[in-house]
Every structure is written in structure tokens, then in C-alpha cells.
Amino acid sequence: MNLEIQLEKYFAYTSFRPGQKEIITSLLEGNHTIAMLPTGTGKSLCYQLPGYLLEGQVIIISPLLSLMQDQVEQLMMNGEKRVIAFNSFLTADEKNHALLQLHHYKFIFLSPEMLRSKSVIDGLKKLHISLFVIDEAHCISQWGYDFRPEYLKLGESRDKLGKPLTLALTATATKEVKNELIASLHLDHWNEFIYSVDRPNISLVVETVESYQEKSERIVELVKRLEGPGIIYFSSKKLTEWMSAYLREHGMTRVMAYHGGMEQENRVLIQQQFLHGQLDLICATSAFGMGINKEDIRFVIHFHMPLQLESYLQEIGRAGRDGKKSVAILLYSPGDEQLPYQIAEAELPSEVQVNAVYQYLEMNHHMTTNLASFEIDIRRISGLTETQWRIIRDYLVDQKELLLKVQFQKLTLFINERLQVKKRKISEMHLWICSQIQQCRRKKILKYFDEDMTIEVENCCDQCGIDLTVFDLKISKHQVANSSYNWKQQLANILLVSERSDEK
DNA sequence: CGGTATGCTAATAGTAGCATACCGGTGCTCTATT
């Protein structure tokens with residue numbers, strides 16, 4: 001089969017981007033496939049084209065409702081009507097109806113949570129599934145152990161569906177993350193296509209400052225001089241809002257905050273405004289990013305350090321998708337690492353909380369098999385968050401051990417183990433920021449991802465020596481000199497602006 | 001851990017000085033209540 005002809009037939013492209021053809025060929029030959037492609041290189045084509053060439057339905061597991069909606073829209077724009085996002089946007093009636101009609105669709109988008117529903121599995125079992133896709137597959141190890149445990153159960157669901165041909169897609173995975181992915185999907189043999197996580201056009205800078213105050217001032221300086229648009233990342237929702245107000249006070253009007261605590265409607269609006277160039281700057285938590293397809297982001301600043309190098313790489317990777325020079329600046333002040341440690345500990349249930357749950361179940365002679373029915377009581381006495389409660393519940397439900405006491409001993413071990421993993425990741429991130437060993441930052445990141453640095457990068461990082469002025473806003477002398485007179489130039493400027501907004 | 005907010009005291013005017021408490025990210029789904 002000539003894939004180029006098929007590509008043109010279905011998508012009107014004349015050639016593949018690097019990696020796409022190999023991945024698609026691997027799938028068409030019937031191999032489970034793991035694909036690690038850099039962001040913005042057309043991952044969705046890797047399942048869309050095979051979807052057309054293979055008989056049956058494509059199931060796509062997607063982490064975010066907004067991502068599903070985007071993909072559905074994108075397919076519809078391409079003329080495909082047989083596409084559905086099967087999620088909580090549908091009413092109960094709509095869901096029931098859709099379950100009976102699934103065979104009429106070509107592409108079916110689902111969350112991992114939805115896949116745990118028996119009626120959904122039963123509906124999917126009746127199909128001929130040509131391809132089972134896990135989009136943003138790093139979520140399995142990033143979220144599966146605690147925040148979204150259904151991610152770890154994907155393999156179980158996949159087994160129930162008869163182990164269909166599988167494609168896992170991600171941009172960032174260490175060897176360890178890849179192995180966790182293979183294990184949790186229950187893959188026994190597979191092809192892998194791994195491309196470098198390096199983004200040579202992004203310069204890496206760490207700056208050390210004394211205090212939060214100094215950080216804020218430095219951010220104002222940077223934002224004023226750097227060519228935008230840009231993103232500033234925080235680990236606190238409050239600070240995103242505080243900083244966007246602070247920047248507005250300092251004359252930057254096109255700034256907004258973005259975090260998970262905001263109304264969905266506002267989040268969509270702000271994201272759209274940023275994508276369409278009506279905002280220059282977003283002050284965001286890690287909620288902002290997945291599915292942001294903006295080519296021309298010139299800088300990413302970190303006010304706080306992320307909880308792991310994988311997250312850091314994903315966040316800075318939102319810059320420079322157009323391949324042009326961009327910069328990632330992380331501001332560090334001594335003691336910053338305490339916040340991630342604190343966040344990690346708060347996510348898992350504490351020993352006191354685990355004990356409270358144990359006491360409750362022991363005193364009431366409750367079995368852990370019908371744990372869910374005591375949720376309200378248990379959470380009230382122990383003060384567990386939704387995430388913490390689910391970690392305990394899911395662990396106990398899967399337990400084969402009969403003695404409650406032993407179950408809880410194992411649970412405590414499990415929680416400690418998870419905490420150690422999280423702490424290790426934070427310390428690796430911390431070490432990258434302020435290791436005493438003077439070494440190229442890019443080289444160190446690549447080493448973390450088991451890669452060697454093979455190319456020489458200009459303006460690589462602060463360790464190699466960097467000239468930040470390269471990233472400064474360029475006001476052409478020509479424009480300044482003629483600003484009041486040259487109507488031709490004025491007109492050209494206006495046309496250029498409208499041309500830019502037309503592109504979007 | 002570290003910053004911010006709140007509260008207490010001492011002393012009687014508005015506030016200084018200190019102690020203490022609190023907070024800190026990511027999202028799906030279903031159900032009950034407005």
C-alpha cells in the first residue's frame with residue numbers, strides 16, 4: 001500500500017512528518033506500538049490514518065474532556081462525522097442511545113474513568129476494535145498511582161476488550177515511565193519509536209534569587225524585555241492571580257491567570273484568547289498546557305519548580321513549537337523545594353488518617369469489600385480528600401488478604417513507597433536546579449531520559465553560557481524613526497497585524 | 001519550609017511586637033440539592 005497516496009486521499013497532505021510513517025506502518029503490520037514523538041509533530045495522524053485503513057472502530061483514551069472535544073472538532077472539520085466523545089457531557093439518555101449506536105462511529109473518544117463502567121465495556125465488546133489508542137500515555141505513571149487511579153487499570157479494560165491492537169502516544173517518557181506503561185497496559189510484545197526529547201531551540205536558564213519579592217520583581221523585568229507571548233508557571237492558584245494583577249499594575253494589560261479552580265467557562269475563554277493572540281501572557285498552574293497548540297510561544301518562566309523533570313520538560317516544551325529560538329527561565333530561591341515536598345505529602349493519606357480509617361472499620365466490623373458505602377462516614381472522621389480516599393479504597397478493594405490488620409499494614413507500606421518515589425523525583429528536579437557540579441543543563445536532562453547529547457546547541461543554557469538579549473523584544477529602528485510620518489509603514493504594520501489574526 | 005493572615009497583649013493612642021495557625025496542583029463521573 002502506498003501510504004502517501006492514502007495520506008493525500010484522507011488528509012490532503014503530500015508528505016509525512018518524521019516518525020509518522022514508521023509508526024503507521026508498524027500498526028498496519030499488526031504490532032502494538034509505543035510512540036514517543038516530540039510535541040507538535042502530528043501525533044493524532046498516527047491513529048487517524050490507520051483508523052481509515054483498518055476495518056472497525058478506533059478507541060482513543062484521552063485524559064481531558066477539552067482534549068476530546070478538540071479532537072472531535074478537528075476530525076469533523078476534516079469532514080468526518082462518525083466521531084463521538086463519550087463522556088459526561090452526554091446526558092444519561094444520550095449515553096444509552098449512543099451505546100446502542102457505537103458501531104456507526106469510526107472514532108470513539110473516552111476517559112479512563114468511563115472505561116471502568118460495565119455498560120460501556122459491554123457496549124464496546126460488541127464492536128470490532130481496530131485500534132486502541134492511549135493519548136498522552138505518560139499520564140499512566142504520572143497520575144495512575146494516586147490522582148487518577150483508573151489510569152493504572154487500562155490494561156484490565158483492554159484485556160476485557162480482547163487485547164486489541166494498541167498504540168501508546170506521548171512526548172515525554174523515561175525508561176522507567178515506559179516500563180510502567182508497558183506493564184499497566186499488559187503488552188507482551190511491541191514496537192517502539194522513540195525520538196529525542198531534546199528541543200534544541202529552547203535555551204535553558206536557572207536564575208537564583210533571594211526571596212519571593214525579588215522573584216516577582218525579576219519577573220516584571222523579564223516580561224517587559226522578553227519577546228512574547230509567554231507562560232509563567234506557579235504551584236499555587238492564589239499566586240497566579242496575584243501575579244497577573246501585579247503585572248497589570250506594572251502596565252501589562254494582556255495578562256490573565258489560569259488554574260483548575262476557575263470556572264470551566266473562564267478557562268476556555270482565556271485559553272482561546274491566548275491561542276488567538278489577544279493575550280500575551282498567562283500566569284498558570286500545571287492545569288494549563290495539555291492540548292495547547294500554539295506555535296509561537298517564546299518563553300516559559302517558572303516561578304516555582306515543578307514536582308519532577310518530566311513535568312518541567314512538558315511545560316517548557318510548550319515554547320517554540322515553530323522551531324524558532326525560545327527560552328525557559330526557572331527562578332529558584334533557596335528553600336523552594338519545600339513546597340513540592342509539601343504538596344506530595346498532602347496528596348497521600350497521612351499515617352494518622354490511615355489509622356483513623358482502620359479504627360473505624362475495626363470497631364464497626366466492616367468488611368473492606370463494600371467500602372464505598374461508608375465513604376461519607378469515613379471521610380468525615382478522617383478528613384480525607386477525594387484523592388486520598390480513593391487511594392485507600394482502591395488499594396483495599398483489590399486486596400486478597402483477609403485480615404484487616406494485615407491489609408492496613410500493606411496499605412501503609414504502599415503509601416510510604418509512593419511517597420518515597422515522589423520525594424526521589426523532587427530531589428532529582430532539585431538537584432538539576434542547584435547541583436554544585438557545573439555541567440550543561442541540557443546534557444543533564446537528556447541523561448535523565450537516557451539520552452546522550454549529540455549536537456552542539458547555540459545559546460544552550462546558563463551553564464554553557466548564555467546571552468539573554470537574544471530573546472529581547474525587538475523594536476525595529478526603522479519603525480521607531482518613522483513612527484509619525486511613514487504612512488506606508490503604518491499601513492504595512494496594520495496589514496501585518498490583521499494578517500496575523502487571520503491566520504488563526 | 002516560608003509567607004501571610006489573624007490574634008493576643010500591653011496599654012488607653014494607634015500601633016508595635018510577638019505568637020500561632022494555615023496554606024500550598026493536576027480531573028474524571030455520578031448524584032443530590034438548588
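The paragraphs below walk through the domains of this predicted model, the place where two of them meet, and its cysteines.

A helpful starting point is the overall division of the chain. Chain A is split into domain 1, covering 3-194, domain 2, covering 202-334, and domain 3, covering 341-425. Although domain 2 lies between the other two in the numbering, domain 1 and domain 3 do touch each other, with 6 residues of domain 1 in contact with 12 residues of domain 3. When their centres are taken over C-alpha atoms, domain 1 and domain 3 are 32 Å apart.

How much area do domain 1 and domain 3 bury between them? The size of an interface is often expressed as the accessible area that is lost when the parts come together. For domain 1 and domain 3 this comes to about 810 Å², of which 39% is on carbon and sulfur atoms. On the side of domain 1, the residues that lose the most area to domain 3 are Tyr145, Asp146 and Phe147, which together account for 55% of what that side buries.

The interface can also be described through its pairings. Between domain 1 and domain 3 there are 2 salt bridges, and the side chains of Lys422 and Asp146 form a salt bridge, with 3.2 Å from N to O. Asp146 therefore appears in two roles, since it is among the residues of domain 1 that lose the most area to domain 3 and its side chain also meets that of Lys422 in a salt bridge with a nitrogen-to-oxygen distance within 4 Å. Across this interface there are also 3 residue pairs in polar contact, while the side of domain 1 that touches domain 3 consists of 3 nonpolar and 3 charged residues, with no polar ones.

Turning to the cysteines, a search of the whole structure finds 0 disulfides. Cys46 is in no disulfide, because the nearest cysteine sulfur, that of Cys139, is 17 Å away, whereas a disulfide needs two cysteine sulfur atoms within 2.5 Å. Cys46 is also buried, because its relative accessible area is 0%, under the limit of 20%. Cys434 is likewise in no disulfide, and the nearest cysteine sulfur, belonging to Cys461, is 15 Å away; Cys434 counts as partly exposed, at 30% relative accessibility.

Conventions. Residues are numbered from 1 along each chain as its sequence is written. Chains are lettered from A and ligands numbered from 1 in the order in which they are written. This is a predicted model: local features need pLDDT of at least 70, side-chain atom pairs count only at pLDDT 80 or more; totals for chains, interfaces and linings use all residues. Side-chain values use heavy atoms; hydrogens and water are left out. Buried means under 20% relative accessible area, exposed over 50%, partly exposed in between (1.4 Å probe, protein chains only). Domain bounds come from an automatic or database domain assignment. Contact means heavy atoms within 4.5 Å. Buried area is the accessible area (1.4 Å probe) that two parts lose on being put together, summed over both. A polar contact is a pair of N or O atoms within 3.5 Å; within protein, one must be able to donate a hydrogen and the other to accept it, and residues adjacent in sequence count only if both atoms are side-chain atoms. Ala, Val, Leu, Ile, Met, Phe, Trp, Tyr, Cys and Pro count as nonpolar, Asp, Glu, Lys and Arg as charged, and the others, Gly among them, as polar.
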